[in-house]
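Reader: I have just opened this model and would like to understand the words people use for it. Could you walk me through a few of them?

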Amino acid sequence: MSVSIDKQDRVAVVTIDNPPVNASSQAVRAGLLEAVAATEADADIDAVVLACAGRTFVAGADVREFDKPPVEPHLPDVIAAIESASKPWVAAIHGTALGGGLELAMGCHARIADAKARMGLPEVTLGLVPGAGGTVRLPRLVTAELALKMIAGGKPISAKAALEARLIDAIATGDLLEEAVALAVEQAAPRRTLGKAVVGAINADAFDKTASGLRRKARGQASIGAAIDAVERGLHLPADAALAEERATFLALKASDQARALRHIFFAERATLADPRAKQAPRPVTRIGVIGGGTMGAGIASACLMRGFHVMLIERDEASLEAGANRVRGTLDSSAKRGLLPDLDAVVARFGTATDYAALADADLVVEAVFEDMEVKKQVFAKLDTVTKPDAILATNTSYLDVNAIAAVLSDPSRAIGLHFFSPAHIMKLLEIVLPNAVSEDVVATAAKLSKSLGKIGVLSGVCDGFIGNRIMSAYRSEADRLLIDGATPEQVDTAMRDYGFPIGVFEMQDMAGLDIAWAMRKRRLAEGKITGPYIRMADRLCEMGRFGRKTGAGWYDYSDAGTQPSEVVMSIIAEERQAMGAEGSSFADADVMPRILGAMTREAEAVLAEGIARSADDIDVVMVNGYSFPRWKGGPMFAARINGG
Ligand code: COA
C-alpha cells in the first residue's frame, strides 16, 4: 500500500510509503486522492496530517515516469483536492521535501518539519520548472526574491531558513508526528495558500539583479530562463492563469532534449558503482595518509578531513611540509567561514603532519600526490611497501601514468589502485577509480565506499594513458589544434564552445592552467614514442617564447589590464604552421566548429568504450560532465552521440 490512513483520536494520519524516496508516483497520487475522499467523508475526523514513512518526505515526482505519457490523477489535481478540503491538512516533513514533495506540502494548510529537514524546488536541475503549482504557491508563502532563488537557482534550504522565511509554521523539537498531530488539532480551519496574496512589496531591483545573475550563469540551459518567467507570472498573473501556464511550460520542457539529457545524467550518476567489484565488503578506513602537500595533495587532505577522516600529510622536508599544511589550513578556514565546517577545531585535531614515512604505520589508506614522474612515484610506492600495514591500500593520484607499473613495485600489488581526484579536490565531484590488473575486489569496494564518504561520484576506469577523462580531453585538444590549421582562430573555437555551454573555451582553459605543464608532458611523451601521427607545433612554439598563459601575461591570447585580446604573434605562428603543414584554409565557418570538437570527443569515447577502459557509455558521460565541465544539459559526449546520431 503506497498510502495508508491511521486514526489518532480525531486526527487522520495519512502516510505515504513508497521507497526509496517516496516519489509521487501514480500509485501515490491515486492513494492521496482516495485519502482526501475518505477523510472528507469521515465525520469522526477533524483534521489530517500528511506524513511519510522511511528516510524522507516526498522527494519529488517519480523521474522515471517522465519518459512516459502522464497518467491520471495528475499531481496538480491531487494538490488542488487537498488544498480545497474542508478539513485542515498539516504536512509533517522529514528528510527532503523536494519538487512535487514541497508542492504537496504547500498545498497543505500548515507545515511542520524536523530540524534536519531540507526543502526545495530543484526542477531546474532536471531541465524543468515546477509543474504542480510551485511557482504560484511559493511566492504566496515567502518573498519574491527567495522564491526566485529557490525556483530558478534550484538549491534547497534548511528547516531553519524555511521557518525564518515562513515557508513552514514550526520546527519540531521532539517527535515530529506527535507535534504535527498537535498542530493539526490547533488548526481552526484550512488556511489555503492560493487564497493568499503574494508576500509583501516586491523589491524589483533586487529581483531583477538576482534574475539577471541567474540568466548569465544559465549558459544556454533553457529551464533557468523558463523558471524566472514562471516566477514572474506567479507573482503578477491571477493564480489560475499562472497555474495553467506553469503546467504547460513544465510539460513542454519535460519532452525537451535538455531535460532528457539531465535525467540521463541524474540516473547515470547514481549507477556508476553498480559493479560487482564495488559491492564486496570494504576494508575499514579511518586513517588516511597523503604524500605531497602541493595543490593536489593539500586538496585531497582537505577533502578527507572535511568528511571526518584522520589525515597524516607527508612532505620531504620541513619547509615543504609547512607550505602544504598551510594550504590545507587555508582551505579548511575558508570552508569554515562559508559555514561548511561547524566544528573547525575538531577537524584540525584530526590533522597530522610529518616528514618521516614511519608516521604512516597505522594508515588504512595512503594517497600519493607527488610530482607526475614514474620514477618518483615508484620510489614513493617502494617506501610505502615497507612502512605501511600489509593490508593498507596504496593509491596513486596520477592523471595519466601506468598504474600497473606503479603497482608492480609492491610485494603485494593487489593493494594498489588509482584515485584520480580533480582540482580543487575538496570541491570537484568526480573521482576516477583506476583499476590495475592485480587489484583485489575488496580494494575496489573500499575505493567505491571512500568516494561516497567523500561526497564524490566514483567512476571505475581501466588503466590507459589518461584514463577515461584525460584521453577524451586530449582528443578534443588535438582537434582544436587541427581546427586552427584548417583555418579557424582560437577566439572562434572558444566562442563556439562557450555558446555550446562550456564555461570556458579550450584555448582559454589552456591559458588558465598554464601551457608549460602540458608542454613538459608532451616532451616526455614524444621521448617515450607515445605521440604518433602529424604533430602540430603551435603550442610548443608559444612555450618556447615563454608564452605560458595568463600567469606570464601571454599565451594563446594577450592579457593586460585592458582585458583579454587576440594576439598577432599567435596568428602569425598559426599562419606559419598552416603553411608548414601544407594546409590551405584561411577561414572556417562558425557552424562547423562544434561538430568537429564533438566528433573528436565521441570518437575517442567510443575507443575508450571498445577497449574496455570505461564500463559503460553512461560512465563516460558522467566523467565528462563532472570532471571536464561538459554542459550537463547536453548529457555528455556519448549521450549526445546517441541523440544526435541515433
Ligand atoms: N524519482 C525516481 N527515483 C528517484 C528519485 C526521483 N525523484 N529521486 C531519487 N530516486 C532514486 C535514485 O535513483 C536512487 O535509486 P537507486 O537506489 O536505484 O540507485 C534512490 O532513489 C536513492 O537516491 P539517491 O540520490 O542515491 O539517495 P540520496 O539519499 O543520496 O538522495 C535525494 C536522496 C532525494 C536528495 C536525491 O535522490 C534527489 O535529489 N532526488 C531528486 C529530487 C528531485 O529533483 N526532485 C524533483 C523531481 S521533479
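**Reading the labels**

Author: Gladly! Six strands form an open sheet here, in the order E1-E2-E3-E4-E6-E9, and their pairing is mixed. Please keep in mind that this is a predicted model.

Reader: What makes E1 and E9 stand at the edges?

Author: Strand E1 (3-8) and strand E9 (170-172) each have a single partner strand, so one side of each is left without a neighbour in the sheet. From one strand to the next, the twist averages 25 degrees.

Reader: How do you know that E1 and E2 pair, and in which sense?

Author: Two strands pair if there are at least two bridges between them. E1 and strand E2 (residues 11-16) have six bridges, in the antiparallel sense, so the definition is met. As an example, Ser4 has Thr15 in E2 as its bridge partner. In general, strands of a sheet pair through backbone hydrogen bonds.

Reader: Which helix packs on this sheet, and which strands does that helix touch?

Author: That is helix H1 (residues 26-41), which touches E1, E2, strand E3 (47-52) and strand E4 (89-93). The direction of H1 makes about 30 degrees with that of E1.

Reader: Why are H11 and H25 called roughly perpendicular?

Author: Helix H11 (residues 257-269) and helix H25 (residues 617-627) pack at an angle of about 105 degrees, with their axes 9 Å apart. Angles of 65 to 115 degrees count as roughly perpendicular, so H11 is roughly perpendicular to H25. On the H11 side, the contact is made by His264, Ile265, Ala268 and Glu269; on the H25 side, by Asp618, Asp621, Val622, Val625 and Asn626. These residues divide into four nonpolar, two polar and three charged.

Reader: What makes strand E15 "mostly covered"?

Author: In strand E15 (residues 416-421), six of its six residues are buried, and buried means under 20% relative accessible area. Ala416, Gly418 and His420 point one way from E15, while Ile417, Leu419 and Phe421 point the other way, and all are buried.

Reader: Which strands are joined to E15, and how do they run?

Author: Strand E14 (residues 393-396) runs parallel to E15, with three bridges joining them; there, Leu394 stands opposite Ala416. Strand E16 (residues 430-435) pairs with E15 in the antiparallel sense over four bridges, and His420 has Glu432 in E16 as its bridge partner.

Reader: How many disulfides are there, and what about Cys52?

Author: A search of the whole structure finds zero disulfides. A disulfide needs two cysteine sulfur atoms within 2.5 Å. For Cys52, the closest cysteine sulfur is in Cys108, 10 Å away, and therefore too far for a bond.

Reader: Are Cys52 and Cys464 buried or exposed?

Author: The cut-off for buried is under 20% relative accessible area. Cys52 is at 11%, so Cys52 counts as buried. Cys464 has a relative accessible area of 14%, so Cys464 is buried too.

Reader: Why does Gly101 count as buried or exposed, and what is Gly101 in contact with?

Author: Gly101 lies in helix H3 (residues 100-107). At 0% relative accessibility, Gly101 counts as buried. Leaving aside neighbours within four places in sequence, Gly101 is in contact with Phe57, Val58 and Gly60. The C-alpha atom of Gly101 is separated by 56 Å from that of Ile574, 473 residues apart along the chain.

Notes
Residues numbered from 1 in each chain as written. Predicted model: local features only at pLDDT ≥ 70, side-chain atom pairs only at ≥ 80, totals over all residues. Heavy atoms only, no water. Axes fitted to C-alpha atoms, helices over the stretch in contact; angles between N-to-C directions. Helix = DSSP H or I, 4+ residues; strand = E, 2+ residues; numbered from the N terminus. Parallel < 35°, antiparallel > 145°, perpendicular 65-115°, else oblique. Contact = heavy atoms within 4.5 Å. Nonpolar A, V, L, I, M, F, W, Y, C, P; charged D, E, K, R; others polar. Buried < 20%, exposed > 50% of the residue type's maximum accessible area, 1.4 Å probe, protein only.
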